[in-house]
Amino acid sequence: MHSTPWGGAYDYSNEEICRKIRSLMENLKEKEKIIAGYTAKGMTARQIADAMCLSPETIKWYRKRMLSKANATNMAELIAMLKDEGVL
């Protein structure tokens with residue numbers, strides 16, 4: 001069991017995490033990468049939507065899609081995985 005920055009825990013080996021991250025990055029579209037970066041900076045869906053000329057609902061849809069691709073529980077877990085691997 002590994003701890004997360006927000007006090008939770010995950011039960012993945014480093015190899016499994018690396019495999020998940022590589023798979024996620026191969027499958028992420030350019031907009032999803034931008035949204036992940038903005039989210040990592042603490043921007044809200046509305047702020048990201050304004051910056052990208054999209055609706056907040058579209059940003060939420062992209063976030064849900066990213067979580068599904070990464071099999072992550074929430075954006076904090078996804079961002080932590082991306083940061084751990086040096087993607088963000």
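## Warm-up: Cys53 and its surroundings

Cys53 is exposed, with a relative accessible area of 71%. Here, buried means under 20% relative accessible area, exposed means over 50%, and partly exposed is in between (1.4 Å probe, protein chains only). What you're looking at is a predicted model, where local features need pLDDT of at least 70 and side-chain atom pairs count only at pLDDT 80 or more, while totals for chains, interfaces and linings use all residues. Residues are numbered from 1 along each chain as its sequence is written, and side-chain values use heavy atoms, leaving out hydrogens and water.

### Exercise 1: the overall layout

Work out which pattern the chain follows when you read along the sequence.

**Solution.** Start by counting: the chain has five helices and two strands. Helices (H or I, at least four residues) and strands (E, at least two) are DSSP runs, numbered from the N terminus. Next, put them in order, and you get β-β-α-α-α-α-α.

Now for burial: 35% of the 88 residues in the chain are buried. The chain's accessible surface comes to about 5400 Å², and 49% of that belongs to carbon and sulfur atoms. Those areas come from the Shrake-Rupley method with a 1.4 Å probe; for residues, only the protein chains shown count as cover.

Finally, look at contacts (heavy atoms within 4.5 Å). Take those between residues at least 6 apart in sequence: 49% of them join residues at least 24 apart.

### Exercise 2: the two sides of helix 3

Find which residues of helix 3 (residues 45-52) are buried, and which exposed residues sit on the face turned away from them.

**Solution.** First, pick out the buried ones: Ala45, Ile48, Ala49 and Met52. They lie on the same side of helix 3, because they cover an arc of only 100° around the axis. That arc is the one spanned by the directions from the helix axis to the C-beta atoms.

Then turn the helix around. Facing away from the buried side, you'll meet the exposed residues Arg46 and Asp50.

Last, ask what the buried side leans on: its residues pack against helix 2 (30-40) and helix 4 (56-70).

### Exercise 3: unusual backbone angles

Is the phi of Cys53 positive or negative, and what about the phi of Asn71?

**Solution.** Begin with the background: most residues other than glycine have a negative phi. Cys53 goes the other way, with a positive phi near 55°. This residue follows helix 3 and is found in the loop between helix 3 and helix 4.

Asn71 also has a positive phi near 55°. Its place is the loop between helix 4 and helix 5 (75-84). As for exposure, Asn71 is exposed, with a relative accessible area of 56%.

### Exercise 4: tracking the salt bridges

How many salt bridges are there, and which residues are linked in a network?

**Solution.** The idea first: side chains of opposite charge can pair when their charged atoms come close. The rule asks for a side-chain nitrogen of Lys or Arg within 4 Å of a carboxyl oxygen of Asp or Glu. By that rule, the count is three.

- Glu32 pairs with Arg65, with the closest N and O atoms 2.7 Å apart. Glu32 lies in helix 2 and Arg65 in helix 4, so this pair ties together parts that are 33 residues apart in sequence.
- Lys69 and Glu32 meet at 2.9 Å, N to O. Lys69 is in helix 4 and Glu32 in helix 2, 37 residues apart.
- Glu57 and Lys60 meet at 3.4 Å, N to O. Both lie in helix 4, three residues apart, about one turn of the helix.

Now join them up: Glu32, Arg65 and Lys69 form a network. Within it, Glu32 is buried at 0% relative accessible area. Arg65 is partly exposed at 26%, and Lys69 is partly exposed at 28%. Over at the third bridge, Glu57 is exposed at 53%, whereas Lys60 is partly exposed at 39%.

### Exercise 5: how helix 2 meets helix 4

At roughly what angle do the axes of helix 2 and helix 4 cross?

**Solution.** The two axes come within 10 Å and cross at roughly 100°. That makes helix 2 roughly perpendicular to helix 4. Axes are lines fitted to C-alpha atoms, for helices over the stretch in contact, and angles run from 0 to 180 degrees between N-to-C directions. Angles under 35 degrees count as roughly parallel, over 145 as roughly antiparallel, 65 to 115 as roughly perpendicular, and the rest as oblique.

To finish, list who meets whom: Lys31, Glu32, Ile35, Ala36 and Thr39 in helix 2 meet Ile59, Tyr62, Arg63, Arg65, Met66 and Lys69 in helix 4.
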